Amino acid sequence: MALSAFGIFFYNSPGKNPLVNFGGGVWATYGMATGLLGDLLSYIRLFALGLTGGVLGGVFNQLALQLTDSMSWGVRWLPMLIILLLGHGINFGLCMISSFVHPMRLTFVEFFKNADFEGGGKAYQPFEVKKSPL
């Protein structure tokens, strides 16, 4: 392993100064380690979003049952239904927002940064009349 690490760090670009190669190898190792840590944190965030939606759904279920516990069944179903519909509607909306915002953040912050996206192209001119070459 030490021989492999020596080769990776000192001879990663043949023909260059080995000390420059070592600096490049250390920098690439740092980039790989921080990238893996960032990916791990992104997956932990996704897990937390899913877990939060499940826990909040369970809280609304318990809230509907416990707040209407002392009522008779003839009256109990209406407030229970209102609490469940409102609570799960709010939870569903929050989960939809979080499931939309997180992929957008991943796309714009991480993908475009790592893909070295710089933009470019031609300016959009929707009402310009193009002249014929004749």
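Modeller: A helix here is a DSSP run of H or I with at least four residues, a strand is a run of E with at least two, and both are numbered from the N terminus. Ile82 lies in helix H3. This is a predicted model, where local features need pLDDT of at least 70, side-chain atom pairs count only at pLDDT 80 or more, and totals for chains, interfaces and linings use all residues. Residues are numbered from 1 along each chain as its sequence is written, and side-chain values use heavy atoms, with hydrogens and water left out.

Colleague: Why is Ile82 called partly exposed?

Modeller: Buried means under 20% relative accessible area and exposed means over 50%, with partly exposed in between (1.4 Å probe, protein chains only). Ile82 has 44%, so it is partly exposed.

Colleague: What makes Ile82 part of a nonpolar patch?

Modeller: Patch residues have over 30% relative accessible area and no salt bridge; nonpolar side chains (Val, Leu, Ile, Met, Phe, Trp, Tyr) are joined within 5 Å, like charges within 9 Å. The 44% of Ile82 is over 30%, so the area condition is met. Ile82 shares the patch with Trp77, Leu78, Leu81, Leu85 and Leu86, and together they have about 620 Å² of accessible area, by the Shrake-Rupley method with a 1.4 Å probe and only the protein chains shown as cover.

Colleague: How do you know that Asp69 and Arg76 form a salt bridge?

Modeller: The term requires a side-chain nitrogen of Lys or Arg within 4 Å of a carboxyl oxygen of Asp or Glu. For Asp69 and Arg76 the closest N and O atoms are 3.8 Å apart, so the pair qualifies. The structure holds 1 salt bridge. Side chains of opposite charge can pair when their charged atoms come close.

Colleague: Are the two partners buried or exposed?

Modeller: Asp69, in the loop between H2 and H3, is at 54% and therefore exposed. Arg76, in helix H3, has 9% and is therefore buried.

Colleague: What makes the approach of Arg76 to Leu65 a polar contact?

Modeller: A polar contact is a pair of N or O atoms within 3.5 Å; within protein, one must be able to donate a hydrogen and the other to accept it, and residues adjacent in sequence count only if both atoms are side-chain atoms. The backbone oxygen of Leu65 lies 3.4 Å from a polar atom of the Arg76 side chain, so the distance limit is met.

Colleague: Why is Thr68 called buried?

Modeller: Its relative accessible area is 1%, so Thr68 falls in the buried class. Thr68 is found in the loop between helix H2 (18–67) and helix H3 (73–114). Thr68 touches Arg76, Pro79 and Met80 (heavy atoms within 4.5 Å), not counting residues up to four places away in sequence.

Colleague: How do you know that H2 has close to its expected span?

Modeller: The expected span is 1.5 Å times one less than the number of residues. H2 has 50 residues and reaches 72 Å from first C-alpha to last, close to the expected 74 Å.

Colleague: Why is Gly57 called buried?

Modeller: Gly57 is at 9% relative accessibility and therefore counts as buried. Gly57 is found in H2, whose buried residues also include Gly53 and Phe60. Leaving aside neighbours within four places in sequence, Gly57 is in contact with His88 and Asn91.

Colleague: What makes Leu49 partly exposed?

Modeller: Leu49, also in helix H2, has a relative accessible area of 28%, so it belongs to the partly exposed class. Leu49 and Ser98 are 49 residues apart in sequence and 7.1 Å apart in space, C-alpha to C-alpha.
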